[in-house]
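The following exercises are to be worked through with the sequence and the model at hand. Each task is followed by a solution in steps.

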Amino acid sequence: MTKVDFDDMQGLVRFGHGRLVEAEFLLLKVADRNAARAWLFDAPIASAATQSTLPDSALQIAFSAEGLRAFDLSDDIVAQFSQPFLSGMGAENSRSRRLGDTGTNDPEGWRWKEADAHILLMLYGERDGLEAFRASIKDARFHKAFETVQSLQTQPNSGVEPFGFADGISEPKIDWEQSRPPSKHGRETYSNLIAPGEVILGHPNEYDEISPSPSVETDGGFENADRHDLGANGTYLVLRQLQQDVPGFWQFLDLATEGDAERRENLAAKMVGRHRDGTPLMNNRCDISGGRPANNFTYDDDINGVVCPLGAHIRRANPRTGDIPPGNNGILRWLLSTLGFRRRPDKLPGRHDLVASTRFHRLVRRGRAYGPQLSPEEAISKGSDEERGLFFICLCADIVRQFEFVQNAWMASGRFDGLTGEADPLLGNRAPIGGAATGGFTIQTARGVPEHHANLPQFVTVKGGGYFFMPGLKALRYIATTAS
Ligand code: HEM
């Protein structure tokens with residue numbers, strides 16, 4: 001077993017930098033390779049090691065595939081990175097279809113892609129501290145080394161996303177110490193624990209296999225699993241600029257509930273699976289600790305979606321016990337769960353789709369909101385022409401099995417957990433798939449007659465996106481010095 005090395009890992013993998021409320025993400029192109037190498041070598045990139053005093057700023061860095069090439073990493077090495085990272089988020093029609101990036105989400109209309117840039121530089125600062133930090137980073141050497149392609153400005157982090165819901169609540173717990181073998185994680189009950197190899201390369205993942213990672217011949221000081229593991233302690237970073245139509249969202253809800261504020265809030269909560277303050281609709285087995293909204297719940301007691309709709313955003317994004325068949329115990333239950341299958345002999349027709357085991361599809365989210373805030377009341381009464389949304393960021397070791405699976409099978413698909421004709425109520429692009437509608441939203445009820453909302457407008461539009469690789473710090477030094 002290889003120990004996880006926090007000194008070698010970038011801080012963002014372990015911490016959300018939530019206290020550093022200000023953030024700016026820069027997409028950079030290398031203008032002068034030697035100057036860029038020298039700058040990289042000295043760059044104060046934050047590690048994941050615990051500091052004795054809390055830092056007042058943090059700098060993180062990630063590369064596009066083009067970026068690795070710009071630092072002269074040989075084709076042999078670059079080719080070992082994962083296929084989606086190499087081809088890019090918006091470069092293939094089949095990928096765009098799978099991710100729901102069609103119609104108004106089409107990459108043709110995006111403002112930026114990872115292929116436009118070599119580097120994603122992420123700056124974090126305390127309130128009113130970002131400007132000084134930015135000035136210290138963007139010195140004369142920086143300007144010689146890089147050309148700025150895009151500067152993505154964020155809204156100071158308030159823990160609330162633009163529709164008005166508390167965000168950043170549910171995160172997987174990473175078993176950094178590898179205290180329990182992955183075979184014991186949530187096979188029979190839901191566990192929030194995931195193996196480090198689900199997030200960082202070169203470590204055991206939930207299959208108890210080393211997450212695939214590129215290696216090099218030369219000694220870069222990053223020995224791991226008996227090889228020079230260039231990916232060790234690094235992660236793939238998914239970034240999507242998601243514009244949110246906040247007036248459209250609240251005006252739709254207001255109309256659907258005939259201007260009744262209480263019903264409007266309830267319908268919004270049903271779409272998300274949590275109330276705006278973060279309280280989950282599922283309140284079974286919750287413990288509210290440290291004043292944070294509860295996250296210790298499953299959908300076991302709500303198999304028909306009467307409390308939390310089957311299609312609610314958080315239920316789609318992480319069905320938790322979705323893979324565990326009710327009523328079966330012992331070896332059958334374990335086997336079905338382990339293989340990622342379950343069948344639910346429920347009363348509703350058509351409820352036999354298979355939901356794969358959730359622990360293989362967890363995401364570490366690190367997003368930040370952008371644009372001015374707008375309350376639901378203002379959104380309804382005044383509307384707004386200003387743009388706002390989310391820089392959705394997630395980290396994972398396997399882009400296809402984690403981000404793309406969740407985005408495709410659970411968010412963009414019109415079929416989920418027995419539902420048909422509806423994609424994610426927040427994210428769906430509402431375009432029919434194979435002739436079948438995706439714009440509905442169903443609220444299951446105890447009476448058995450569901451409440452159905454048809455023809456939801458599109459609330460979220462993709463404005464840019466890319467796949468990046470965030471290396472460990474030893475690998476970063478290798479990229480800055482040794483690569484050729
Ligand atoms: C503008 C776009 C989005 C909005 C407004 C949004 C909003 C939210 C909110 C309010 C929560 C509940 C709070 C929390 O647990 O942190 C949540 C949870 C979550 N979202 Fe999103 N989200 C968006 C995009 C996405 C995307 C693109 C994905 C993945 C492809 C995603 C995956 C998740 C996951 C995994 C959770 C945690 C679910 C759980 O474990 O209970 N979200 N989101």
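**Exercise 1: Surroundings of a helix residue**

Ser 96 has its place in helix H6 (residues 93-99). The model is a predicted one.

Task: Determine whether Ser 96 is buried or exposed, and state which residues Ser 96 touches, not counting residues up to four places away in sequence.

Solution.
1. The relative accessibility of Ser 96 is 6%. Buried means under 20% relative accessible area, so Ser 96 counts as buried.
2. With residues up to four places away in sequence left out, Ser 96 touches Gly 90, Asp 101, Thr 102 and Pro 107.
3. For one of these, Pro 107, the C-alpha to C-alpha distance from Ser 96 is 7.6 Å, with eleven residues of separation in sequence.

**Exercise 2: Classifying aromatic pairs**

Task: The structure holds 22 aromatic pairs. Classify the pair of Phe 63 and Phe 71, then the pair of Phe 142 and Phe 146.

Solution.
1. A pair of aromatic rings is described by the distance of the centres and the angle of the planes.
2. The ring centres of Phe 63 and Phe 71 lie 5.7 Å apart, and their planes stand at 85°. Planes over 60 degrees apart count as edge-to-face, so this pair of Phe 63 and Phe 71 is edge-to-face.
3. Phe 63 is buried at a relative accessible area of 0%, and Phe 71 is buried at 0% relative accessibility.
4. Phe 142 and Phe 146 are 5.3 Å apart, centre to centre, with 55° between the planes, and their pair is tilted.
5. Phe 142 counts as buried at 0% relative accessibility, and Phe 146 counts as buried at 5%.

**Exercise 3: Two helices that cross**

Task: Describe how helix H9 (residues 246-256) and helix H10 (residues 261-272) cross, and name the residues that make the contact.

Solution.
1. The axes of H9 and H10 come within 9 Å and cross at roughly 120°.
2. Angles of 65 to 115 degrees count as roughly perpendicular and those over 145 as roughly antiparallel; the crossing therefore makes H9 oblique to H10.
3. The crossing of H9 past H10 is right-handed.
4. H9 contributes Phe 249, Trp 250, Phe 252, Leu 253, Asp 254 and Ala 256 to the contact, and H10 contributes Arg 263, Arg 264, Glu 265, Leu 267, Ala 268 and Met 271.
5. Phe 249, Trp 250 and Phe 252 also belong to an aromatic cluster that includes Phe 163, Phe 165 and Phe 459.

**Exercise 4: Packing of helix H15**

Task: Which residues of helix H15 (residues 473-481) are buried, and against which elements do the buried residues pack?

Solution.
1. The buried residues of H15 are Leu 473, Ala 475, Leu 476, Tyr 478, Ile 479 and Ala 480.
2. They pack against three helices and two strands, namely H2 (33-42), H3 (65-70) and H4 (75-78), together with E2 (57-63) and E8 (215-216).

**Exercise 5: Positive phi in loops**

Task: What is phi of His 17 and of Gln 178, and in which loops do His 17 and Gln 178 lie?

Solution.
1. Phi of His 17 is near 55°, a positive value in a residue other than glycine. His 17 lies in the loop between helix H1 (11-14) and strand E1 (22-30), and is buried at a relative accessible area of 12%.
2. Phi of Gln 178 is near 50°, likewise positive in a residue other than glycine. Gln 178 is in the loop between strand E6 (173-174) and strand E7 (193-194), and is buried at 14%.

Note on methods. Residues are numbered from 1 along each chain as its sequence is written. This is a predicted model: local features need pLDDT of at least 70, side-chain atom pairs count only at pLDDT 80 or more; totals for chains, interfaces and linings use all residues. Side-chain values use heavy atoms; hydrogens and water are left out. Buried means under 20% relative accessible area, exposed over 50%, partly exposed in between (1.4 Å probe, protein chains only). Helices (H or I, at least four residues) and strands (E, at least two) are DSSP runs, numbered from the N terminus. Contact means heavy atoms within 4.5 Å. Rings of Phe, Tyr and Trp (its six-membered ring) pair if their centres lie within 6.5 Å; planes under 30 degrees apart count as stacked, over 60 as edge-to-face and the rest as tilted. Axes are lines fitted to C-alpha atoms, for helices over the stretch in contact, and angles run from 0 to 180 degrees between N-to-C directions. Angles under 35 degrees count as roughly parallel, over 145 as roughly antiparallel, 65 to 115 as roughly perpendicular and the rest as oblique. A crossing is left-handed if the near helix is turned anticlockwise from the far one by less than a right angle, and right-handed if clockwise.
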